[in-house]
Amino acid sequence: MVELEIVQLAASEMKNFSYLIYCPETLIGAAVDPSLRPEVLIAAAEERGVTLKLLLNTHGHRDHTAGNALIREQSGAQLAAHRDDVPEAEIPLGDGNTLEMGSGRIEVLHTPGHSPGSLVFKCGAQIITGDTLFVSRCGRADLNGSDVRKLYTSLQRLKKLPPETHVWPGHDYGPTPSST
């Protein structure tokens with residue numbers, strides 16, 4: 001199994017991050033949370049010669065999904081997300097699903113709390129956490145559909161990952177853009 005590459009990209013004035021995940025051997029990749037500037041993700045894939053096969057959403061809030069249509073239109077990537085948040089997902093995702101990405105693999109963790117369908121994408125010792133976990137804080141649980149008890153349970157689950165796990169958050173709200 002090959003370690004997938006993760007590229008973090010600034011994607012909006014709301015301090016959103018988008019991500020490009022790809023296999024360095026096959027150059028097959030996925031766009032994650034294209035946010036308000038999907039052209040940044042498209043350009044990052046083109047610069048590296050990556051073919052986007054999947055479009056992944058960590059959750060369904062507009063600041064993460066607004067660029068979905070452009071990514072799909074320009075790449076033909078299939079939309080994969082939890083149907084509680086993104087009902088139109090072509091590939092419904094839930095806890096324990098795995099996605100083959102060239103010679104690598106993405107594991108899916110369902111982490112409800114910030115939203116009912118929040119997901120974390122695990123690539124080896126790296127996780128893309130959306131708005132479940134930021135550097136030095138967690139996502140909000142006071143929005144429509146959020147649940148503070150479920151968020152707490154999800155955070156306790158992530159806490160059990162090894163301390164060297166690299167966290168790639170959905171927003172640049174902490175002292176550094178990513179951390180362990």
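Two strands are taken to pair where DSSP finds at least two bridges between them, and in this predicted model strands β10 and β13 meet that description, being joined in the parallel sense over four bridges. Within this pairing, Ile 127 stands opposite Val 167 of β13. Both strands belong to an open sheet of five strands, arranged in the order β7-β8-β9-β10-β13 with mixed pairing. The edges of the sheet are formed by β7 (98-101) and β13 (166-169), each of which pairs on one side only, and the twist from one strand to the next averages 25 degrees.

At the β7 edge, four bridges connect β7 to strand β8 (residues 104-110), and the two strands run antiparallel. Thr 98 has Glu 107 of β8 as its bridge partner. Elsewhere in the sheet, strand β9 (residues 119-123) pairs with β10 over three bridges, again in the antiparallel sense, with Phe 121 standing opposite Ile 128 of β10. Strands β9 and β10 form a hairpin in which two residues lie between them, and Gly 124 in the turn has a positive phi of about 60 degrees.

Strand β10 (residues 126-130) is mostly covered, five of its five residues being buried. In a regular strand the side chains alternate between the two faces of the sheet. In β10, Gln 126, Ile 128 and Gly 130 point one way, whereas Ile 127 and Thr 129 point the other way, and all are buried. Gln 126, a residue of β10, counts as buried because its relative accessibility is 12%, which lies under the cut-off of 20%. Beyond its sequence neighbours up to four places away, Gln 126 touches Glu 3, Leu 4, Ile 6, Phe 121, His 166 and Trp 168.

Strand β11 (residues 133-134) contains Leu 133. The C-alpha atom of Leu 133 is separated by 8.7 Å from that of Trp 168, although the two residues are 35 residues apart along the chain. When residues up to four places away in sequence are set aside, the contacts of Leu 133 are Cys 138, Leu 155, Leu 158, Val 167 and Pro 169.

The aromatic residues were examined next. A pair of aromatic rings is described by the distance of the centres and the angle of the planes. Three aromatic pairs are found in the structure. In one of them, Phe 17 and Tyr 19 form a tilted pair, with 6.3 Å from centre to centre and 55 degrees between the planes. Both partners are buried, Phe 17 with a relative accessible area of 7% and Tyr 19 with one of 1%. Phe 134 and Tyr 173, by contrast, form an edge-to-face pair, at 5.0 Å centre to centre and with 70 degrees between the planes. This pair links distant parts of the chain, as Phe 134 lies in strand β11 and Tyr 173 in the segment after β13, 39 residues apart. Phe 134 is buried, with a relative accessible area of 6%, whereas Tyr 173 is partly exposed, at 34%. Ring pairs also link Phe 17, Tyr 19 and Trp 168 into a cluster.

Asn 57 is located in the loop between β4 (51-56) and α2 (62-65). Although polar contacts are available to its side chain, as shown by one of 2.8 Å with the side chain of Asn 68, Asn 57 counts as buried, at 1% relative accessibility. Not counting residues up to four places away in sequence, Asn 57 touches a set of residues that includes Asp 33, Pro 34, His 64, Leu 79, Val 86, Leu 119 and Phe 121.

Two serine residues were noted for their backbone angles. Most residues other than glycine have a negative phi, and most peptide bonds are trans. Ser 35, however, has a positive phi, near 55 degrees, and Ser 136 likewise has a positive phi, of about 80 degrees, although it is not a glycine. Ser 35 is found in the loop between β3 (28-32) and α1 (38-48), and Ser 136 in the loop between β11 and β12 (137-138). As to solvent accessibility, Ser 35 counts as buried, at 1% relative accessibility, whereas Ser 136 is exposed, with a relative accessible area of 55%.

Key: Residues numbered from 1 in each chain as written. Heavy atoms only, no water. Axes fitted to C-alpha atoms, helices over the stretch in contact; angles between N-to-C directions. Contact = heavy atoms within 4.5 Å. Phe/Tyr/Trp six-rings, centres within 6.5 Å; stacked < 30°, edge-to-face > 60°. Buried < 20%, exposed > 50% of the residue type's maximum accessible area, 1.4 Å probe, protein only. Polar contact = N/O pair within 3.5 Å; in protein donor to acceptor, adjacent residues only side chain to side chain.
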